[in-house]
Amino acid sequence: MDDCIFCKIAKGQIPCTKVYEDEYTFAFKDINPQAKQHILIIPKEHILTGLNDVNDDNSYIIGKLFYAAKIVSEMLGIDKSGVRIINNTGKDAHQSVQHFHIHVLGGEDMGEGLV
């Protein structure tokens with residue numbers, strides 16, 4: 001999608017701090033981190049929102065995102081202490097960018113306040 005900020009980031013049109021990339025996914029540091037380590041992982045394929053737009057044709061990407069989250073967690077050294085993965089879908093969940101993405105948070109005790 002031409003006007004999607006995450007599509008532009010994945011294509012290198014907008015600068016970011018890239019953490020990981022493979023054929024299907026792109027991971028970069030969140031510009032407004034909510035934990036010591038806060039990484040966004042997006043599919044390179046534009047999937048509009050989140051769960052609402054996953055279907056039989058693109059559902060494989062969920063596994064690719066979680067596999068990328070595993071790799072990123074290992075790279076950052078947070079895989080042993082604990083990782084929180086969040087997907088916000090829709091207005092009430094405060095999804096800010098209309099491109100499916102997951103947040104990978106860790107590197108500190110995040111408490112029990114969120115889920």
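This report walks through a pocket, a central strand, the cysteines and one lysine of a predicted model.

**The largest pocket**

Let us start with the open space. The largest pocket holds about 580 Å³, and 29 residues line it. Lying nearest its centre are D30, N32, H38, L40 and H103. By character, the lining divides into 15 nonpolar, ten polar and four charged residues. Several elements take part: α1 (5-10), β2 (25-29), β3 (37-43), β4 (83-86) and β5 (102-106) each give at least two residues to the lining. The largest share, three residues, is supplied by α1.

**Strand β3 and its partners**

Strand β3, which contributes to that lining, is worth a visit of its own. Seven of its seven residues are buried. In a regular strand, side chains alternate between the two faces of the sheet. Here, Q37, I39, I41 and P43 point one way, while H38, L40 and I42 point the other way. H38 and L40 are also among the residues nearest the centre of the largest pocket.

On the pairing side, β3 runs antiparallel to β2, with five bridges joining them. Within this pair, A27 stands opposite I41. β3 also pairs with β5 in the antiparallel sense, again over five bridges. There, H38 has L105 of β5 as its bridge partner.

**The cysteines**

How many disulfides does a search of the whole structure find? The count is zero. The sulfur of C4 has its closest cysteine sulfur in C7, at 3.7 Å, and this is too far for a bond because a disulfide needs the two sulfur atoms within 2.5 Å. C16 is in no disulfide either, and its nearest cysteine sulfur is that of C4. The table sets C4 and C16 side by side.

| Cysteine | Nearest cysteine sulfur | Distance | Relative accessibility |
|---|---|---|---|
| C4 | C7 | 3.7 Å | 5%, buried |
| C16 | C4 | 13 Å | 32%, partly exposed |

**A look at K64**

Our last stop is K64, a residue of helix α2 (residues 60-76). Is K64 buried or exposed? K64 has a relative accessible area of 31%, so it counts as partly exposed, the class between under 20% and over 50%. Leaving aside neighbours within four places in sequence, K64 is in contact with Y24 and T25. H99 lies 35 residues from K64 along the chain, and the C-alpha atoms of these two residues are separated by 15 Å.

Definitions and conventions:
Residues are numbered from 1 along each chain as its sequence is written. This is a predicted model: local features need pLDDT of at least 70, side-chain atom pairs count only at pLDDT 80 or more; totals for chains, interfaces and linings use all residues. Side-chain values use heavy atoms; hydrogens and water are left out. On a 1 Å grid over the protein atoms alone, a cavity is a set of points where a 1.4 Å probe fits but cannot get out, and a pocket is an open set with protein on both sides within 12 Å along at least five of seven lines; lining residues have an atom within 4 Å of a point. Grid points are joined across faces, edges and corners, and a volume is the space filled by probe spheres set on the points. Helices (H or I, at least four residues) and strands (E, at least two) are DSSP runs, numbered from the N terminus. Ala, Val, Leu, Ile, Met, Phe, Trp, Tyr, Cys and Pro count as nonpolar, Asp, Glu, Lys and Arg as charged, and the others, Gly among them, as polar. Buried means under 20% relative accessible area, exposed over 50%, partly exposed in between (1.4 Å probe, protein chains only). Contact means heavy atoms within 4.5 Å. Two strands pair if DSSP finds at least two bridges between them.
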